Amino acid sequence: MEVSWGCTRFVLVLAVGLIFSVAEVCNGGKTSSFVRNDDLSRDMPIDSDVFRVPPGYNAPQQVHITQGDHVGKGLIVSWITPDEPGSNTVLYWAENSELKNRADGFVLAYKYFNYTSGYIHHCTITDLQFDTKYYYEVGIGNTTRQFWFRTPPEVGPDVPYTFGLIGDLGQTHDSNRTLTHYELNPAKGQTLLFVGDLSYADDYPFHDNTRWDTWGRFIERNAAYQPWIWTAGNHEIDFAPQFGEAIPFKPYTYRFHVPYKASESTTPFWYSIKRASAYIIIMSSYSAYGKYTPQYKWLEDEFTKVNRTETPWLIVLMHCPFYNSYAHHYMEGETMRVMYEPWFVEYKVDVVFAGHVHAYERSERISNIAYNITNALCTPMSNPSAPVYITIGDGGNLEGLVTEMTEPQPSYSAFREASFGHGILEIKNRTHAYFGWHRNQDGYAVEADSVWLLNRYWNSWEESSAAAL
């Protein structure tokens with residue numbers, strides 16, 4: 001089980017220079033008693049400053065970046081020009097360097113019902129130096145816009161790195177609080193892992209795609225400066241044959257490009273990246289995943305490629321959670337769990353992040369893989385080789401929070417609370433990582449839930465020792 005804050009105390013000596021920390025081992029689950037405002041999440045006004053269009057004719061907007069290769073030396077820069085294609089070139093240079101480099105991208109556009117997109121640019125920069133700050137420019141003439149990013153350290157087993165976690169964000173006042181809370185968190189996330197459900201454009205009449213544009217301008221203040229690693233959720237499907245839109249994920253795939261070919265995937269809905277000491281696998285809850293499907297065959301090969309002596313932290317992102325004790329979306333992920341949970345245990349996945357449920361929940365290390373139809377062994381059991389499952393679909397979207405929970409709280413559920421917030425995962429070294437969940441109502445440094453994660457590959461002996469205390 002995980003070392004977390006709040007029950008029987010013991011002093012844990014953390015490896016590789018970490019300080020002594022007062023911690024505890026919890027056998028029972030906790031449902032938070034925190035009482036939040038019951039008001040529905042309301043959209044920010046369309047004339048809100050967070051949706052402001054940059055000044056100037058054809059000025060680039062909705063700028064965002066993501067990793068552009070498998071190891072972190074590449075970057076994909078994406079932006080939209082509203083009036084004409086303009087330049088598809090990115091100029092970039094290292095800090096303190098006068099030498100400007102250029103990379104050329106390509107331009108796309110699409111129609112969706114009665115909407116026509118602007119000109120969508122995607123440009124991949126390659127052969128960057130690790131752990132280096134770069135500046136970059138997009139646009140042309142008087143409407144050039146400049147941003148910056150920092151590449152990750154070179155991949156290695158003891159490389160510390162900090163990830164942010166957000167899901168189901170939308171574009172409400174609560175969404176803005178979540179993003180602001182993340183930006184001002186003193187832990188300073190370096191890359192954001194986004195677990196699906198982006199703009200919620202499909203919740204508006206006729207899947208109003210102008211809401212994709214407002215959302216892109218809303219997140220630019222962060223996504224133009226640090227990579228957002230994308231996972232597709234159900235609100236990205238945008239399947240609407242009733243008004244002639246029968247291609248799933250159409251707006252999403254035009255607007256958000258990912259380096260799926262670098263991990264030998266055949267589609268952008270499932271892929272993997274390495275970043276610092278983490279190996280991150282992104283799965284698709286809304287693509288075919290049964291036996292012999294492309295996603296199944298890719299994942300079967302992918303797990304065998306993970307070298308835990310190089311990237312000890314094995315992280316999986318998906319949208320629909322395997323374990324969820326809220327009434328909404330209860331057991332929706334069951335068929336996918338039955339298919340893939342044995343692999344998660346076999347390959348000792350450290351942590352699985354999901355969204356979909358508009359609340360927060362963290363599980364114990366459990367699995368439910370013993371059932372064979374006749375043995376009646378169908379209850380989740382403690383399993384030190386299993387991942388911790390964290391649901392973080394609490395970004396703030398207009399559908400609001402899920403507050404109804406199954407009772408009594410299942411033994412596999414360590415902590416749950418129906419509040420909006422974000423997560424921070426701080427990888428310390430090959431053996432220890434620290435996860436904290438921050439509700440929007442608290443101070444920027446306050447954690448409403450937290451847990452030390454002991455690496456499954458390097459720390460299985462410590463897990464047994466801690467469990468005996």
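This passage describes charged pairs, nonpolar cores, a helix pair and unusual backbone sites in a predicted model.

Side chains of opposite charge can pair when their charged atoms come close. In the model the count of salt bridges comes to 19. One of them is formed by the side chains of Asp213 and Arg255, with a nitrogen-to-oxygen distance of 3.1 Å. Because Asp213 belongs to helix 2 (residues 210-223) and Arg255 to helix 3 (residues 250-255), this pair ties together parts of the chain that are 42 residues apart in sequence. Asp213 has a relative accessibility of 12% and therefore counts as buried, and Arg255, with a relative accessible area of 3%, is buried as well. A further salt bridge is found between Lys250 and Glu245, whose closest N and O atoms are 3.3 Å apart. Lys250 is buried at a relative accessible area of 15%, while Glu245 is buried at 8%.

The side chains of Arg308 and Asp350 also meet in a salt bridge, here with an N to O distance of 2.8 Å. Arg308 is placed in the loop between helix 4 (294-305) and strand 20 (313-317), and Asp350 in the loop between helix 5 (334-346) and strand 21 (351-354), so that this pair, too, ties together parts that are 42 residues apart in sequence. Both Arg308 and Asp350 are buried. Elsewhere, Glu334, Arg337 and Glu341 are joined into one network by salt bridges that share partners.

In soluble globular proteins, nonpolar side chains tend to be buried together. The largest nonpolar core of the model holds 87 residues, and the members that touch the most other members are Trp215, Trp228, Trp230, Phe344, Phe353, Leu425 and Phe435. When neighbours within four places in sequence are left aside, the contacts of Trp215 are Leu169, Gly170, Gln171, Phe194, Leu198, Ser199, Trp228, Trp230 and Phe256. Trp228 and Trp230 thus appear among the contacts of Trp215 and are themselves listed with Trp215 among the core residues that touch the most other members. A second core, separate from the largest one, consists of 18 residues, including Val77, Tyr92, Cys123 and Val138.

Two packed helices are described by the angle between their axes and the distance between the axes. For helix 4 and helix 5 the angle is about 15° and the axes are 11 Å apart, which means that helix 4 is roughly parallel to helix 5. The crossing of these two helices is right-handed. On the side of helix 4, the residues in contact are Gln295, Tyr296, Leu299, Glu300 and Phe303, and these meet Met336, Met339, Tyr340, Trp343 and Phe344 in helix 5. Of these helix 5 residues, Phe344 is also one of the members of the largest nonpolar core that touch the most other members.

Two loop positions were examined for their surroundings. Thr311, in the loop between helix 4 and strand 20, is buried with a relative accessible area of 0%. Beyond its neighbours within four places in sequence, Thr311 is in contact with Val155, Lys274, Ala276, Ser277, Ala278, Tyr279 and Val306. Ala187, by contrast, is partly exposed, with a relative accessible area of 24%, and is found in the loop between helix 1 (173-183) and strand 16 (191-194). Not counting residues up to four places away in sequence, Ala187 touches Thr162, Ile424 and Glu426. The C-alpha atom of Ala187 is separated by 27 Å from that of Met44, a residue 143 places away along the chain.

Most residues other than glycine have a negative phi, and most peptide bonds are trans. Departures from both patterns occur in loops of the model. A cis peptide bond, with omega of about -5°, joins Glu407 and Pro408, and Pro408 lies in the loop between strand 25 (388-392) and strand 26 (413-417). Asp238, although not a glycine, has a positive phi near 50°; this residue is in the loop between strand 17 (228-229) and helix 3, where Asp238 is buried with a relative accessible area of 2%. Met331 likewise has a positive phi, of about 65°, without being a glycine. Met331 is located in the loop between strand 20 and helix 5, and its relative accessible area of 44% makes Met331 partly exposed.

Terms used
Residues numbered from 1 in each chain as written. Predicted model: local features only at pLDDT ≥ 70, side-chain atom pairs only at ≥ 80, totals over all residues. Heavy atoms only, no water. Salt bridge = Lys/Arg side-chain N within 4 Å of Asp/Glu carboxyl O. Helix = DSSP H or I, 4+ residues; strand = E, 2+ residues; numbered from the N terminus. Buried < 20%, exposed > 50% of the residue type's maximum accessible area, 1.4 Å probe, protein only. Core = buried A, V, L, I, M, F, W, Y, C linked by side-chain atoms within 4.5 Å. Contact = heavy atoms within 4.5 Å. Axes fitted to C-alpha atoms, helices over the stretch in contact; angles between N-to-C directions. Parallel < 35°, antiparallel > 145°, perpendicular 65-115°, else oblique. Left-handed = near helix turned anticlockwise from the far one by under 90°.
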